Amino acid sequence: MLLREIIYDRLRSDILACRFAPGDEMREQDLAERYEVSRQPVRDALLRLQREHLVTVQPRQGYRVTPISLADARDLLRFRLALEPACVAEAIESAPDSVLKSLDEFRRFAGNHEDFIAYNRAFHSALAHASGNRRMATALCDLIGQADRLVRVSISNLRGHDPAKLVAEHVALIDAMQSRETRTAARIIKAHIGATEKRVLPALKRNAVIVEERSS
């Protein structure tokens with residue numbers, strides 16, 4: 001892997017994990033020192049992240065991690081609501097039994113909140129790849145990664161939340177997919193994502209890092 005790809009992956013991961021919080025300012029030299037590289041691969045990474053709307057250029061000042069607006073968060077979740085059920089349907093129609101059987105590893109979860117975020121991301125990424133559609137899987141995995149940032153920013157609303165209910169929803173979805181029950185699986189995944197929106201958006205609305213709604 002090229003150095004610029006490595007730096008891009010590391011910087012993107014740090015943003016999505018909120019090691020750089022929404023609104024944080026960043027400078028090329030500081031990032032070059034952080035990752036122990038020259039400024040050029042950092043600059044290349046920042047330009048890519050700007051195209052992904054994760055970074056905003058501030059003239060004569062450097063860069064800033066793009067704050068999260070409620071409108072953008074809603075758009076992301078609605079896009080996921082359109083795409084993930086399609087991936088699930090593709091998996092039910094086309095995936096071999098062995099691929100669907102591999103989802104069994106997500107039937108149980110044990111760990112802390114950070115562990116759950118990783119488990120949840122891995123599960124939904126597995127659904128994306130089970131579709132066998134590379135373009136859909138790539139797009140969905142990107143949405144899932146960005147959704148992690150929403151969850152972390154809204155963390156105050158989720159502390160103490162028992163993940164058992166969410167894991168139970170995952171298990172029900174796995175059961176439906178392994179039985180190739182398309183309608184049941186569609187209902188479960190749509191309700192699952194809808195519940196995420198109802199849980200996350202109110203928490204984001206109360207969070208100080210959220211910017212105003214975008215103008216029309």
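**Helix H7 and the nonpolar core**

In this predicted model, the axes of helix H1 (residues 3-16) and H7 come within 8 Å and cross at roughly 40 degrees.

Student: How is H1 oriented relative to H7: roughly parallel, roughly perpendicular or oblique?

Tutor: Angles under 35 degrees count as roughly parallel, and 65 to 115 as roughly perpendicular. The two axes cross at roughly 40 degrees. Therefore H1 is, relative to H7, oblique.

Student: Which residues of H1 make the contact with H7?

Tutor: On the H7 side, the contact involves Asp142, Gly145, Gln146, Asp148, Arg149 and Arg152. The residues of H1 that meet them are Arg12, Ile15 and Leu16.

Student: Is Gln146 buried or exposed?

Tutor: Gln146 lies in helix H7 and touches Arg12, Leu16, Leu54 and Leu76, not counting residues up to four places away in sequence. A residue under 20% relative accessible area counts as buried. The relative accessible area of Gln146 is 18%, so this residue is buried.

Student: How far apart are the end C-alpha atoms of H7?

Tutor: Helix H7 has 20 residues (residues 134-153), and at 1.5 Å a residue they should span 28 Å. The separation of the end C-alpha atoms agrees with this; the value is 29 Å.

Student: Which helix gives the most to the largest nonpolar core?

Tutor: This core has 23 residues, and Ala185 is one of those with the most contacts inside it. Helices H4, H6, H8 and H9 each supply at least two residues. With seven residues, the helix that gives the most is H8.

Technical notes
Residues are numbered from 1 along each chain as its sequence is written. This is a predicted model: local features need pLDDT of at least 70, side-chain atom pairs count only at pLDDT 80 or more; totals for chains, interfaces and linings use all residues. Side-chain values use heavy atoms; hydrogens and water are left out. Helices (H or I, at least four residues) and strands (E, at least two) are DSSP runs, numbered from the N terminus. The expected span of a helix is 1.5 Å times one less than its number of residues. Buried means under 20% relative accessible area, exposed over 50%, partly exposed in between (1.4 Å probe, protein chains only). Contact means heavy atoms within 4.5 Å. A nonpolar core is a set of buried Ala, Val, Leu, Ile, Met, Phe, Trp, Tyr and Cys residues joined through side-chain atoms within 4.5 Å. Axes are lines fitted to C-alpha atoms, for helices over the stretch in contact, and angles run from 0 to 180 degrees between N-to-C directions. Angles under 35 degrees count as roughly parallel, over 145 as roughly antiparallel, 65 to 115 as roughly perpendicular and the rest as oblique.
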